[in-house]
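User: I am new to this structure and would like to know how its terms are applied. Please show it first.

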Amino acid sequence: MTGPIEHLETLAGKVFLPPEEFAANAVATAALYDEARADRLGFWADQARSLHWHKPFTEVLDWDNPPFARWFADGELNVAYNCLDRHVLAGNGDRVALYFEGEPGDSRTLTYAQLTSEVKRAANLLLALGVQAGDRVAIYLPMIPEAVIAMLAVARIGAAHSVIFGGFSAESIRARVEDAEAKLVITADGGWRRGKVSPLKPAVDAALEAGGATVEKVLVVQRAWDDSQELAWTEGRDLWWHEELAQVDDDHEAKPFEAENPLFILYTSGTTGNPKGILHTSGGYLTQVAYTHKNVFDLHPETDVYWSTADVGWITGHSYVVYGPLANGASVVIYEGTPDTPRPGRWWEIIEKYKVSILYAAPTAIRSFMKAGREIPARSDLSSLRLLGSVGEPINPEAWLWYHEVIGGNRAPIVDTWWQTETGGIMISPLPGVTATKPGSAQTPLPGISVEVVDDKGNILPNDSAGLLAVTEPWPGMLRGIWGDPERFIDTYWSKFADVPGGPLYFAGDGARRDEDGDVWLLGRVDDVMNVSGHRLSTAEIESCLVGHPWVAEAAVVGAHDDTTGQAVVAFVIAKARHAGEAGADGATNTLRAHVATQIGAIARPRELFIVNELPKTRSGKIMRRLLRDAAEGRTLGDTTTLTDASVMKAIADRLRH
Ligand code: PRX
C-alpha cells in the first residue's frame, strides 16, 4: 500500500478535535475506556445485558479450548426478537425501521411494527417449507426490504443464512450453496442496476443445474423483470414469495436459542482458490455489533437517520445495515442501485430526501466522487449529516479531508473503522465525541478490544514502528470457525502466533504501524488477498479460475495500486502451446477477462490481462508476485537475483511499457 504511508509525514500533525457540541451530547464518553480497562469481561457482560435474554447468561467467556471461543454460552436469546419485537413492546412500533429507495425512484417505508409483522410471516413460511433450526438458507437478493426480512426470518427460527452478494456468478452460488448444504434459496427475478434489470433467478437456476442437490425449494421475490423475456420456472421447486406469504399468518412467537447458535455463514476470499465460510453465532456477535453501532456512530435512535451504503452481501451489510442498527432501534436507509443512476448525485439526493444524519461509506466511493467534482454534492442539501464513517480499506488523507469538508461541511466528525468479515464488528476506530482524529489513521482499539502491532514472532512493537496487526484477546463478535473446516480456521488465523505468551494471538493479515502517539495506521494486506473497492478478492481464486479456461496453462494475479479502487486486479497468463493461436488473436485478453467475470463475478474481472511467455519464478518454483506487482505499478523492478531466469522480468516489463 502506498496511500497512507506517503502522507504520514505531511499530515500526521493535523488533528481534528471533536466539535464541542457533539462531544457534549455524545453517546460514548472517555469513561468507556476506563470501564473496559478495569474489568474487560465485566464490561462485555454489561454490553450483552443491553440485549434481551430469554435466559440470562451466567458465564461470560469460555476460552479453555482456544481458538474455539464461547461467549455467554449458557444464555439464550432470539436475535430477531432483539431487532424487532422488543422495540415494538417498548412502544416504538411506529418508528421507521427501513426507508427503502429503489433505483427507479420507487420507495417504501416500514415501521418497526410493520417489519416485525413481515418477519413473523416470513418465519412462518420458512417453517411451512420445512426449514428448521440448524438448517442453512442461501439468500441471493438485491438491496430491497425482502433481503432484510429474509435474513431476520431465518434468524428468528434459529436457522443460519448464507447471503451471497448479487454480483456473484452462478458458479459462485453453486460453490457456496454446496459448501453450506443449503436447503432453501431465496432470490428475486432481478434487481435494478444502472437503469436496467440485472437478472438474479437465472443465475440461481444455472447454479442448481450444475449442483446444489440439497436445495429443495427456491423462493422468488418479484422485483424487476423485463416482460419481453420469459422467466424460467421449475415446477415443484420454484415458488413466488408473495404467493406463499399470502398463505401464512403473521403470528409467530420468537423462541430462544443458545447464544452460540449459528447465525450466519458469510463466504470471503482467502489465500487459496476456495472461499472460506466464515461462521458467526448469535449472542456475542449481536452484543458487539449493537455496542459498536451505538458508540462508534453515536446513535440517537429517536432522531437519527442512518445510512450505510454497503450491500447485505458483505459483512458491513450484515453488521451495520441489519443487525447492529436494528438491535439499536435505528431508522435505516437502504438503497438498491448505483450511486450515479440516473444522475451522478443520486447519493446526495437520497441524503437530502431522508435527512440522513449518519453516513457510512467506503473510501473508493469517496475517491470516485472526488474525481467527479464537488459541484455535484453541492447541488443537494447535506446539512442533516452530523457523522461520517469510512470502512473497507485505508482512507488516504486527501479523501478524508474532502469527505470532511465537502460532505461533512467541516462539522461532522469522521470515524475510520477497521475490522473484517472475521471480526464480525468494528475493532479499531475513533469514538467520535472523544477522539482527536488524524486523517488516514483508524486511531485506537475500541474499549473492550485488545489489538497490538507485533513483529513476525508476535513480540509487541513499541510506538513509532510498523509490523503486523494482531488481536491479543478474544472478542465477542469473533468468528467461531470456518464452516466445515476447523483445520483451516486454526491454520489461517491462529497458527502464526500460536506459541506467544498469552497466545494464541489472532493474525489479521494486515500490516500496521503505530505512530509516536500509539495511533494505528493500517498499511494493507500482507498476504495474497487483494482489496478492490473495499471488496476482498483472492489472487489464488482468480488464478485457479483462469487456469480453468481451456487456453490457459499458467496464471499469476496481483493487486496493483489504483487511484480510485485502491487496488485493481492485474493478471499474467501463459497460454497452452496448442491454443497459442486463439490466445494470440485480437480480443483474446477480453475473452479471458470475461471468463473471470462469469465464473466469479464482475468485481473480479481483471483490469488488465497480459499474455506472456513465462512467469518470474524462484528456483523453488514459486511465482514472484512482488516483481509482477512492481511491473504492473510501473516501478523499477526489485531484486531479481533469486529468479531462475532474470530475463523473464525484463521481457514482461517491456511488454507492459508498450
Ligand atoms: O485489509 C483490511 C481492510 O479490509 C480487510 C477486511 O475485508 P473484509 O473482510 O471484506 O471486510 C471489509 C469490511 C469490514 C481488512 O483485513 N480494511 C477494512 N477496514 C479498513 C481496512 N483497511 C484499512 N482501514 C480500514 N478502516
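User: What makes Leu77, Asn78 and Val79 part of the lining of the largest cavity?

Analyst: A cavity is a set of points on a 1 Å grid over the protein atoms alone where a 1.4 Å probe fits but cannot get out, and lining residues have an atom within 4 Å of a point. Leu77, Asn78 and Val79 are among the residues that line the largest cavity, so each has an atom within that cut-off. Others in the lining include Phe257, Glu258 and Ser282. The model is predicted: local features need pLDDT of at least 70, side-chain atom pairs count only at pLDDT 80 or more, and totals for chains, interfaces and linings use all residues. Residues are numbered from 1 along each chain as its sequence is written, and side-chain values use heavy atoms, leaving out hydrogens and water.

User: What is the volume of the largest cavity?

Analyst: The largest cavity holds about 60 Å³, where a volume is the space filled by probe spheres set on grid points joined across faces, edges and corners. The second largest cavity has about 40 Å³.

User: Why is the contact of Asp510 with the ligand called polar?

Analyst: A polar contact is a pair of N or O atoms within 3.5 Å. An N or O atom in the side chain of Asp510 lies 2.6 Å from an oxygen atom of the ligand, so the pair qualifies. For Asp416, a polar side-chain atom is 2.8 Å from a ligand nitrogen atom, so that pair qualifies too.

Note on methods. Polar contact = N/O pair within 3.5 Å; in protein donor to acceptor, adjacent residues only side chain to side chain. 1 Å grid on protein atoms, 1.4 Å probe; cavity = no way out; pocket = protein on both sides within 12 Å on 5 of 7 lines; lining within 4 Å.
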